[in-house]
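Have a look at the chain below and turn it around a few times. Then we can walk through it together, one spot at a time.

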Amino acid sequence: MSAITTPRRPAVHAPAWVRPLLTYLILGTVAALVLLPVIWLIVTSLKRDVEYLAYPISFWPSELQWGNYAAALTMIPFFNYVWNSLILGLTYTILCVISSAMGGFAFARFPVPGRNALFTLVVAMLMLPAIVTIIPQFMIFARLGLTNSYWPWVLWGLAGSPFHIFLFRQFFAAFPKELEEAAEIDGCGPFRIFWQIFLPNARPVIATSAIFNFVWVWGDWFTPMIYLSDRNTTLAVKLATAYVSPQGLPIIPVTLAACVLYTIPPIVLFFFGQRYIMQGVVTSGLKG
């Protein structure tokens, strides 16, 4: 007696366009949620102060107030504070990238006793909140007479960053040993190997480290407020209190217009460095 078999139902496949459509819908929704605050910032910077305070809230201004941007540039010495921020950010970024790269190279390529324990201590510094060291550092710099100057940022840059030392160490550890040995046979010392072989091939990490360091200094409000006077302070500090009416009330649309201008340098830096960030493969110069 033969067994009775039930016919299988044919599998139902969704049309080929369904999956890409769902993917684009999800990506579009996430992008809209991320960009909504930015769009609101730009639109509100073009409103009148009365429209900003009006209720119910209107999204689009009745008339675009491009004069808010002119006021943002003229109510304070805007470009002087931009210059202060650029000097501070670029100085710290260059010094921190170089010192962190040298530290990461030493941890990755020098098999000295206690290297792993010392590297563990450096990584453990990532767990220490920065706010804990604010008061001791300020007391040290104040007694040395280095407040109201950019010397604290210079010294911080020369000391490197634990996070960026970790990045460079992980990147340099992946370099083939044969490349370093070939350079030593040609008479290169450790310093020359670092500058001419390892560092030129570390462009993705250099770009990532430079962007992170610059954005940190550019967007930092708390540290310049403590260490610097009004003349030497950065644009981030001035944006918080500078744009007020004669009655002492904040002019929000003008402040937001200044905030839009404030975001331009980090965006420009990112567009210049993004192609290096996308490079995830080390160019070692070896075949095979």
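This predicted model holds 1 salt bridge. Which two side chains meet in the salt bridge? They belong to Asp-230 and Lys-238, and the N to O distance is 2.8 Å. Side chains of opposite charge can pair when their charged atoms come close. The two partners have their own surroundings: Asp-230 is partly exposed at 46% relative accessibility, while Lys-238, at 12%, is buried because the cut-off for that word is under 20%.

Staying with charge for a moment, the protein chain carries 16 positive and 10 negative charges. If you take the mean position of each group, the two points lie 9 Å apart.

Now step back to the whole chain. How many helices and how many strands does the protein chain have? There are 15 helices and 0 strands. The C-alpha atoms fill a box of roughly 85 × 80 × 35 Å along the principal axes. For 288 residues, a compact globule would have a radius of gyration near 19 Å, but this chain has 27 Å. Buried residues make up 35% of the 288. The chain exposes about 18,500 Å², and carbon and sulfur atoms supply 71% of that area. Take the contacts between residues at least 6 apart in sequence: 72% of them join residues at least 24 apart.

Let us visit a few single residues, beginning with how much of each can be reached from outside.

| Residue | Place | Relative accessible area |
|---|---|---|
| Thr-44 | helix α1 (residues 18–44) | 0%, buried |
| Gln-65 | loop between α2 (49–53) and α3 (67–74) | 21%, partly exposed |
| Asn-148 | loop between α6 (134–143) and α7 (151–159) | 37%, partly exposed |
| Ala-202 | loop between α10 (190–198) and α11 (203–219) | 0%, buried |

Is Thr-44 buried or exposed? Thr-44 is buried, with a relative accessible area of 0%. Leaving out residues up to four places away in sequence, Thr-44 touches Tyr-52, Pro-253 and Leu-256.

Gln-65 sits in the loop between α2 and α3. Its relative accessible area is 21%, so Gln-65 counts as partly exposed. With residues up to four places away set aside, Gln-65 touches Ser-45, Leu-46, Lys-47 and Arg-48. You can also trace a distance here: Gln-65 and Asp-49 are 16 residues apart along the chain, and their C-alpha atoms are separated by 10.0 Å.

Further along the chain, Ala-202 lies in the loop between α10 and α11. Which residues is Ala-202 in contact with, once neighbours within four places in sequence are left aside? They are Phe-168, Phe-171 and Phe-172. Ala-202 is buried, at 0% relative accessible area. Try finding Tyr-276 as well: Ala-202 and Tyr-276 are 74 residues apart in sequence, yet 9.2 Å apart in space from C-alpha to C-alpha.

One last stop is about the backbone. Most residues other than glycine have a negative phi. Asn-148, however, has a positive phi, near 55 degrees. Where does Asn-148 sit? Its place is in the loop between α6 and α7, and with a relative accessible area of 37% Asn-148 is partly exposed.

Definitions and conventions: Residues are numbered from 1 along each chain as its sequence is written. This is a predicted model: local features need pLDDT of at least 70, side-chain atom pairs count only at pLDDT 80 or more; totals for chains, interfaces and linings use all residues. Side-chain values use heavy atoms; hydrogens and water are left out. Helices (H or I, at least four residues) and strands (E, at least two) are DSSP runs, numbered from the N terminus. The radius of gyration is taken over C-alpha atoms; the globule rule is 2.2 Å times the number of residues to the power 0.38. Buried means under 20% relative accessible area, exposed over 50%, partly exposed in between (1.4 Å probe, protein chains only). Contact means heavy atoms within 4.5 Å. Accessible areas come from the Shrake-Rupley method with a 1.4 Å probe; for residues, only the protein chains shown count as cover. Lys and Arg count as positive and Asp and Glu as negative; His and the chain ends are not counted. The place of a charge is taken as NZ of Lys, CZ of Arg, CG of Asp or CD of Glu. A salt bridge is a side-chain nitrogen of Lys or Arg within 4 Å of a carboxyl oxygen of Asp or Glu.
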